[in-house]
Amino acid sequence: MDDKKMVKPLSLFLIFCLVVSALGCIGEKETPAPTTAAPEKTVLSISMSLTEEEWKVMREDIFPKFEEDYNCKIESYEVAAGDLPKKLESMVKAGKMEIDVFAQDNMQLAILVQKGLVEDLSAYESMIPDEVIDALIEAGRFNGKLYFMPYRPNVQITYYNEAKFKEYGLSPPTNWDELLDVAKTFKEKEGVGRVLLKGAGGAPTTCQMYEFIVSAGGDPLEFNDEGCIRTFEYLQKLWPYLSPDSKTAKWDTTNTYIAQESAYLAQNWPFGVPIIVKDYGKTEVKTYHGFSGPVREAHVIGGEVLGIPKGSPHKELALKFIEYMQSKEVQEILASKLAWPSIRTDATGKVEDWMKPYYESILEAMKYGIFRKNVPYWTEFDKLFNDAFEEIVINGKPVKETLDKYHDEMEKVKENYGG
Amino acid sequence: MSFVSFSFFLKRISKNKFEIILILPLALFVFGFTIGPIIQAIMMSFEGIFGGNFPTLASYSYIVHHHYFKAALFNTIFITGVGLSLELIFGMILALILSEKFFGRGIFRAVMLLPLGIPTIVSASNMAFIFSTQGFLNELLYRIGLIEVPIDWRVGTIKPLMTIVVADMWKVTPLVMLILLAGLESIDKQLYEAAKVDGAGRWHRFRHITLPLLKPYITMALVIRGIDAFRIFELPLVMAGRHVPVMSSYAYFEYVERNNPYTSAAGATILLIMIIIAISVYLKAVGTEEVTR
Amino acid sequence: MKKYKIFLTLLVIFFGILMISPVYFMVKISISQPQDIFTQHPTFLIHNTTAKWWRWIFSTKEVWAPFIKSLEVATLTALFSLAIAVPGSYAISRLPLKVRYPLVLGLFFTRMFPEVGIALPISVNFIKWGLLDSVLGLVIAHMIRILPLVTWILVGTFETVPKVLEEASSIDGCSRLGTLRRIVIPLAAPGIAVGTIFAWLGSWEEFTYAVYLTLAKRTLPLQVFYYINRGNWFLTATYATLTAIPVIIITYAMQKYLRAGYMAGAVKG
């Protein structure tokens, strides 16, 4: 039996694995270990959902100062916006909250309040500096109570591939008709659509559609008012001329499609700028504020807010952290390093030269900012809205009847929430 | 099945105490963490979406009206049927090639086994690179002049499914090949010699000697692969996303993206029923005794 | 005959390229500059290489947490599975055929249960028990998949250990446990080794349970998935290569054990 030869290397391998993982374990525990030795050094756990670039700035330029000022250590985790409710619920139910403060997409807040996973911060509202734009504070208010604090507003800008636009003698569209023309031209010239919409479903699709409907003068939560019908009819017309990648386009993948030149025009948050232009070297990709609809130009103000989960072990420190993130100092770093728009009227960063035109377009788009309605049944609305999008835009069902159906279902949901 | 044998044990407790103690942890684990959760999932599927009274069919009536569920049902059956047949055909071709003697056979075998060393999620990402609109397959077709405009592999009903079938084939055909190769090696060479003497051609020998003798191995490959093909998950999840669902990815999206455990449970239950039906129909047709090994 | 040879050679080359190319593209992307990949016409050969993606994952240290978690989970899964499966499968192998057969088959058919169906209630329960994101939770989940497989391999192994040896040993006054330790296990060691390796591999590359049970502390396969969703091909390819390396090495080292019976459970489509 030469099979016996196997046994020795295998045992060696397993022992090796054990040692490495044990070392890993110890390594992990080494961080809390000094806590017991030097009790004044608390660990503040933060969860956010950021890109690699953004994490780098946070960890190198923003966290260290806070750690020094408050003699603590920050541990940060990447938790996707969609996973955060489950993560918090898990920890609340197990009775051990390991996150002290979290950042969350301001479109996915209702469920956190609904499930009772966050602390009521109404008592600390006075902590918010006066320079913070009032409208941004309202996004964190549910049923009259303030649960979330603003720290990052965001707005989608429109990316376009300047080289390709020049090649076909086009200029970036300023309204829906031009958008349709541009999409048609690309499809004619190249045989494949080059304008990208985010059709993968979920928050990216909802957010984009919200903008479209408002700029057509409709109310998305109604489903079948005039603006909604107009928007869906327009999208049905537009869909065949769009890039085939639209079906899998989300916020993250949109960057890839633009970089791959699979799409020449697409809307996305500004976080794509450093990725597309700097990481992937696509300097021909430019941005502008966007196009207007038949009634007005509108861009949803998105972004992130900070909240404190129920049972956070270091609530006081977490509040200090929120205060720190809202400070002029931090807001200016974020603006200059990442071209993030600021929540403060007085924070204007000195962005790097190459980034200036992009930053300009962000500020321009902010001028057309709108806030989406802050309703408790947002999660249900989101599901229905996505279903409607899939049925009408992707699968081509008749607009009016389908929207009527969803309007009725929406009414039922509203009733469940007591009108 | 386990339950019957379990009660059978009880009668023999005194006789086989030692064995029972040894087997107990295994049995407890399987009951606690496999059978238990499955029953829990089935129960969950009868709970209401809006917390209605148990049992209710609300989740089921929700999903059967959901257009993605119908698509998932069709896609799963399509991928299983087409995928299995193609994997069997190509596995057979590869096994036949490998049963020949030729220069570089060892290297060829090693190359064929490469997919077994690739985790499924990794093969899914590799296939996504290849089948992307600006991916390597479109580039290849473009360079050899077959297409001008990149093909959109995600549009239509059959095209996206075929990409998934190809991806699945890449990953598991080597396994089918190994099973069939084991079968080929078990066939007595003298049978072929005798047939040759009788003047039987290559095809004739294959049809009348190889195939019948391979039947148990084919059955094994079909059962093992059939179960996995129904449960296919990573490949469609990564390559096709939400708009081309299969049963597993439908259940996943219902739970993870739409936060709806009850409809997800209903989807999983229907998938379980599908597998049970398919397997029992197949085993009825060919008989059980061939499955063991 | 000559024609047949040429046909065969062509087939061999064709299938060879087919099997290698996806892996080749993966490695290529992980060492390519963006301009070779992110263009309308990606290149097939390697032109502009860069180590920046590999440097990125190691220099930002983000690779270590997933790597260690994967290693921990895989090793613990292998060991725990062994601890439960060795006694269990030994006992099964010594049962009369009439019981053994349905038992083994029954274990095999637990594979019929859709993993998304098991993972769902497990995930719901783990939320309540606070086991999401934990190593222990994932180990338990992986054992659901791996325990039947290891048992399946080990029953086959123990069956080959002749009963006569055991009887001789018990005549010599050895207790049954003693016999097991001194006679049976050493004889079955190679099979146990193979089982352990498959268990380790199965856990290392596992995705479904991991994706249901992980939110912040990802394993390597989840890291691949994460970057797919992020749309970053380069880091996807880098992590994919990293995840695949140990699997490829072990698979080739174990080539002769890639027998149908073993592989039945080990490979998942």
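Which residues of α10(A) are buried? That is where these notes on the predicted model start.

1. **Helix α10 of chain A.** The buried set is G227(A), C228(A), R230(A), T231(A), F232(A), Y234(A), L235(A) and L238(A). An arginine, R230(A), is on that list, so have a look at it when you open the model. As for partners, the buried residues of α10(A) pack against α8 (176-190), α9 (203-215), α16 (378-394) and α17 (399-416) of chain A. The helix length checks out too: α10 covers residues 226-238, and its 13 residues at 1.5 Å each should span 18 Å, which agrees with the 18 Å between its end C-alpha atoms.

2. **Chain A as a whole.** The secondary structure here is mixed, with 17 helices and 12 strands. The radius of gyration comes out at 24 Å, close to the 22 Å that the globule rule gives for 419 residues, so chain A is as compact as a globular protein of that length. Along the principal axes, its C-alpha atoms fill a box of roughly 70 × 65 × 50 Å. Some 47% of the 419 residues count as buried. If you take the contacts with a separation of 6 or more, 72% of them are between residues 24 or more positions apart.

3. **Two domains in chain A.** The domain assignment splits the chain into domain 1 (36-154 + 302-355) and domain 2 (157-301 + 372-416). Each domain is thus written as two segments of the sequence. The C-alpha centres of the two domains of chain A lie 29 Å apart. Helix α10(A), at residues 226-238, falls in the 157-301 segment of domain 2.

4. **Where the domains of chain A meet.** Here 19 residues of domain 1 are in contact with 15 residues of domain 2. On the domain 1 side, α3 (52-69), α5 (110-114), β4 (141-142), β6 (149-155) and β11 (299-307) of chain A each supply at least two residues. Helix α5(A) gives the most, with 3 residues. By class, that side of domain 1 divides into 8 nonpolar, 6 polar and 5 charged residues.

5. **Chain A against chain B.** This contact takes 17 residues from chain A and 14 residues from chain B. On the chain A side, α16(A) gives the most, with 3 residues. Helix α16(A) has already come up as one of the elements that the buried residues of α10(A) pack against. The chain A side of the contact divides into 4 nonpolar, 8 polar and 5 charged residues.

6. **Chain C against chain B.** What does this contact take from each chain? It takes 74 residues from chain C and 81 residues from chain B. On the chain C side, the helices that each supply at least two residues include α1 (2-30), α4 (64-93), α7 (135-159) and α12 (233-253). The largest share, 12 residues, comes from α1(C). By class, this side of chain C has 52 nonpolar, 15 polar and 7 charged residues.

7. **Chain B itself.** Chain B has 13 helices and 0 strands. Its C-alpha atoms fill a box of roughly 70 × 70 × 30 Å along the principal axes. Buried residues make up 45% of its 293 residues. Among contacts between residues at least 6 apart in sequence, 70% join residues at least 24 apart.

8. **Confidence, chain A.** The mean pLDDT of chain A is 87, and 92% of its residues reach 70 or more. Residues 29-38 are a weak spot: pLDDT is below 50 there, and the stretch has 4 contacts in the model beyond near neighbours in sequence. Note that domain 1 is assigned from residue 36, and residues 29-38 run past that start.

9. **Confidence, chain C and overall.** Chain C averages a pLDDT of 87, and 95% of its residues score at least 70. Among its elements, helix α10 (residues 208-213) has the highest mean pLDDT, 94, and α13(C) the lowest, 49. Over residues 264-269 of chain C, pLDDT stays under 50, although the model has 21 contacts for that stretch beyond four places in sequence. Do keep this in mind when reading the contact with chain B, to which α13 (260-266) of chain C supplies at least two residues. For the model as a whole, the scores are ipTM 0.89 and pTM 0.88.

Technical notes:
Residues are numbered from 1 along each chain as its sequence is written. Chains are lettered from A and ligands numbered from 1 in the order in which they are written. This is a predicted model: local features need pLDDT of at least 70, side-chain atom pairs count only at pLDDT 80 or more; totals for chains, interfaces and linings use all residues. Helices (H or I, at least four residues) and strands (E, at least two) are DSSP runs, numbered from the N terminus. The radius of gyration is taken over C-alpha atoms; the globule rule is 2.2 Å times the number of residues to the power 0.38. A residue is buried if 20 or more other C-beta atoms lie within 10 Å of its own, exposed if 12 or fewer, and partly exposed in between; C-beta atoms are placed from the backbone. Two residues are in contact if their C-beta atoms, placed from the backbone, lie within 7 Å. The expected span of a helix is 1.5 Å times one less than its number of residues. Domain bounds come from an automatic or database domain assignment. Ala, Val, Leu, Ile, Met, Phe, Trp, Tyr, Cys and Pro count as nonpolar, Asp, Glu, Lys and Arg as charged, and the others, Gly among them, as polar. pLDDT is the predictor's confidence in each residue, from 0 to 100.
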